[in-house]
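Trainee: Could you take me closely through a single part of this chain, and then set that part in the context of the whole? I would like one connected account that I can follow residue by residue.

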Amino acid sequence: WYQRRVREAVVSTQSTAGRRPLPEAGFAPNRVYFLDCPTDTIVERLSLRRIDPVTGGQFHLIYNPPPSLEMKRRLKVNPKDAEAAVDEDVLAYESPIEEMMDYYVSSQTINADQDPHTVFESLENLLVKPLPKMTLSAL
């Protein structure tokens, strides 16, 4: 869920801003992070998610399978998780990424091809570091 929200936020911000960098669109981020994850991994993580319409339970066919065959048979796929939709989202995310990385030269990249807890800890470690102090000469 978190990856999808972050990706959608970046894609929607870039598309609504006419693919202008965030400062030109009225936003001034003090930190920029990129989550690096192979397309195959993204597709696997998202396209294999399922929802049980009876219980509302969320499952992943590999990492969190349903506990019974009966439940597995009634699972439904969210249209946003269909492989074609995920591929389209990934393409939309990747198209401006090189330009964004060139613009945000002080950005940092996090390896997102790890378990979610490790990715979160990596991001948290970067976020807790103090921002560099600005001097009067920098203004």
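Mentor: Asp 36 is found in strand β1, which spans residues 33-36, and I should say at once that the model we are reading is a predicted one. At 48% relative accessibility, Asp 36 counts as partly exposed, because that value falls between the limits of 20% for buried and 50% for exposed. Once residues up to four places away in sequence are set aside, Asp 36 touches Thr 109, Ile 110, Asn 111, Ala 112 and Asp 113. One of these, Ala 112, is 76 residues from Asp 36 in sequence, yet the two C-alpha atoms are 5.3 Å apart in space.

Ala 112 also leads us to another residue, Arg 45, whose side chain reaches the backbone oxygen of Ala 112 at 3.1 Å. A polar atom of the Arg 45 side chain also lies 3.0 Å from the backbone oxygen of Gln 114. Arg 45 itself sits in helix α2, residues 39-47, and it is buried, because its relative accessible area of 16% is under the 20% limit.

From there we can turn to Ser 107, which is found in the loop between α5 (97-103) and β4 (108-111). With 19% relative accessibility, Ser 107 counts as buried, since the value is under 20%. The side chain of Ser 107 reaches the backbone oxygen of Tyr 104 at 2.8 Å, and, leaving out residues up to four places away in sequence, Ser 107 touches Val 32, Phe 34 and Met 101.

Tyr 104 brings in the aromatic side chains, for which the count comes to one pair. That pair is formed by Tyr 103 and Tyr 104 in an edge-to-face arrangement, with 4.9 Å from centre to centre and 80 degrees between the planes; the label edge-to-face applies because the angle is over 60 degrees. The two partners fall into separate accessibility classes: Tyr 103, at 39% relative accessibility, counts as partly exposed, whereas Tyr 104, at 9%, counts as buried.

For a view of the surface, consider Leu 61, which lies in the loop between β3 (58-60) and α3 (69-74). Leu 61 is partly exposed, with a relative accessible area of 31%, and together with Ile 62 and Tyr 63 it makes a nonpolar surface patch of about 300 Å². Leu 61 can be a member of such a patch because its 31% is over the 30% that patch residues need.

Finally, these details can be placed within the whole chain, which has six helices and four strands. Read from the N terminus on, the elements run α-β-α-β-β-α-α-α-β-α. Of the 139 residues, 27% count as buried, and Arg 45, Ser 107 and Tyr 104 are among the buried ones. The chain exposes about 9,600 Å², of which carbon and sulfur atoms supply 57%. Among contacts between residues at least 6 apart in sequence, 62% join residues at least 24 apart, and the approach of Asp 36 to Ala 112, 76 residues apart in sequence, gives a local view of such separation along the chain.

Conventions:
Residues numbered from 1 in each chain as written. Predicted model: local features only at pLDDT ≥ 70, side-chain atom pairs only at ≥ 80, totals over all residues. Heavy atoms only, no water. Helix = DSSP H or I, 4+ residues; strand = E, 2+ residues; numbered from the N terminus. Buried < 20%, exposed > 50% of the residue type's maximum accessible area, 1.4 Å probe, protein only. Polar contact = N/O pair within 3.5 Å; in protein donor to acceptor, adjacent residues only side chain to side chain. Phe/Tyr/Trp six-rings, centres within 6.5 Å; stacked < 30°, edge-to-face > 60°. Patch = residues over 30% accessible without salt bridge, like charges linked within 9 Å, V, L, I, M, F, W, Y side chains within 5 Å. Areas by Shrake-Rupley, 256 points an atom, 1.4 Å probe, with all protein chains shown as cover. Salt bridge = Lys/Arg side-chain N within 4 Å of Asp/Glu carboxyl O. Contact = heavy atoms within 4.5 Å.
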